[in-house]
Amino acid sequence: MNVFTIQKVSAGWNHLVSSYKWPSKNISYDFKMGGGLDVNDPALIKSAASKWNNVSGINLNYSGFSGNNIWEENIDSLGRTTVSPVSGTKQISKVNMIIDSRSDWQIGGSSIPSTKYDYYTVVLHEFGHWFMLNDDSSHNSVVMNGTLDKGKARQNLQAEDIEAAVYIYGK
Ligand SMILES: [Zn+2]
């Protein structure tokens with residue numbers, strides 16, 4: 001369902017965004033019951049959501065029941081976000097975010113052991129896909145860079161990430 005069309009955000013940045021959009025800046029999310037999340041995961045997920053909220057007009061909020069679910073499952077990448085539009089339109093209707101359940105995660109903190117992947121970095125990145133920001137292979141330090149090594153973290157949104165979000169949803 002991820003059909004991206006690509007355009008430049010503005011002169012100077014090549015950060016990739018798509019023309020798909022939520023009908024409202026208020027986007028609810030939920031944790032799937034029995035979805036394998038650890039006791040400490042929800043706080044990190046909420047913190048990552050608020051980082052996007054703080055720099056843009058987007059308001060990701062935990063609701064209890066929205067249909068936009070987050071859970072853990074065995075997948076072949078660190079995280080996966082699936083965005084579904086209203087049929088035949090570019091209006092987003094539903095998103096699911098899955099975090100891999102088998103990866104060796106560092107849950108919390110900014111010091112990441114060389115044997116672990118940073119959970120927070122992955123969640124912050126996947127939330128970017130909720131707005132249909134695309135993976136950005138041309139900037140190594142941005143949250144929307146599409147690869148992550150063990151022992152590394154990108155826990156703060158960079159200018160390119162922020163500009164892309166603001167481009168779509170305002171401040
Ligand atoms: Zn990605």
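**A mixed sheet and the helices packed on it**

Let me begin with the hairpin side of the sheet, where strand 6 and strand 7 pair in the antiparallel sense, with seven bridges between them. I should say at once that what we are looking at is a predicted model. Within this pair, Val83 stands opposite Val95 in strand 7. The two strands form a hairpin with six residues between them, and in the turn Gly88 has a positive phi of about 80°.

From there, strand 7 leads us further into the sheet, since strand 5 and strand 7 run parallel and are joined by four bridges, and here Glu73 has Asp100 in strand 7 as its bridge partner. Strand 5, residues 69-73, is also joined to strand 3, residues 26-31, by two bridges, and these two strands run parallel as well. At this junction Asp30 stands opposite Asn69 in strand 5.

Now to what lies on the sheet. Helix 1, residues 41-55, packs on it and touches strand 3, strand 4 and strand 5, its direction making about 160° with that of strand 4. Helix 2 packs on the sheet too, touching strand 3, strand 4, strand 6 and strand 7, and the direction of helix 2 makes about 15° with that of strand 6.

Putting the strands together, we have an open sheet of five, in the order 4-3-5-7-6, with mixed pairing. Strand 4 (59-62) and strand 6 (79-85) stand at the edges, and because each has a single partner strand, one side of each is left without a neighbour in the sheet. Neighbouring strands are turned against each other by 25° on average, if direction is ignored.

Let me stay with helix 1 for a moment. Its 15 residues, at 1.5 Å a residue, should span 21 Å, and the end C-alpha atoms are 22 Å apart, so the two values agree. Which residues of helix 1 are buried? They are Asp41, Leu44, Ile45, Ala48, Ala49, Lys51 and Trp52. These residues cover an arc of only 145° around the axis, and therefore lie on the same side of helix 1. The cover over them includes strand 3, strand 4, strand 5, helix 2 and helix 3, whereas the face turned away from the buried side carries the exposed residues Ala43 and Asn54.

I would like to finish with two positions in the loop that runs between helix 2 and helix 3, beginning with Met132, which is found there. Met132 has a positive phi of about 70°, although it is not a glycine. Is Met132 buried or exposed? It has 25 C-beta neighbours inside 10 Å, and because the cut-off for a buried residue is 20 or more, Met132 counts as buried.

The other position is Ala153, placed in the loop between helix 2 (119-130) and helix 3 (159-169). Ala153 has 19 C-beta neighbours inside 10 Å, and so it counts as partly exposed. What does Ala153 touch, if we leave out residues up to four places away in sequence? The contacts are Ser110, Ile112, Asp118 and Thr121. As for Asp118, it is 35 residues from Ala153 in sequence, while their C-alpha atoms are 5.9 Å apart in space.

How values were computed: Residues are numbered from 1 along each chain as its sequence is written. This is a predicted model: local features need pLDDT of at least 70, side-chain atom pairs count only at pLDDT 80 or more; totals for chains, interfaces and linings use all residues. A residue is buried if 20 or more other C-beta atoms lie within 10 Å of its own, exposed if 12 or fewer, and partly exposed in between; C-beta atoms are placed from the backbone. Two residues are in contact if their C-beta atoms, placed from the backbone, lie within 7 Å. Two strands pair if DSSP finds at least two bridges between them. Axes are lines fitted to C-alpha atoms, for helices over the stretch in contact, and angles run from 0 to 180 degrees between N-to-C directions. The expected span of a helix is 1.5 Å times one less than its number of residues. The arc is that of the directions from the helix axis to the C-beta atoms.
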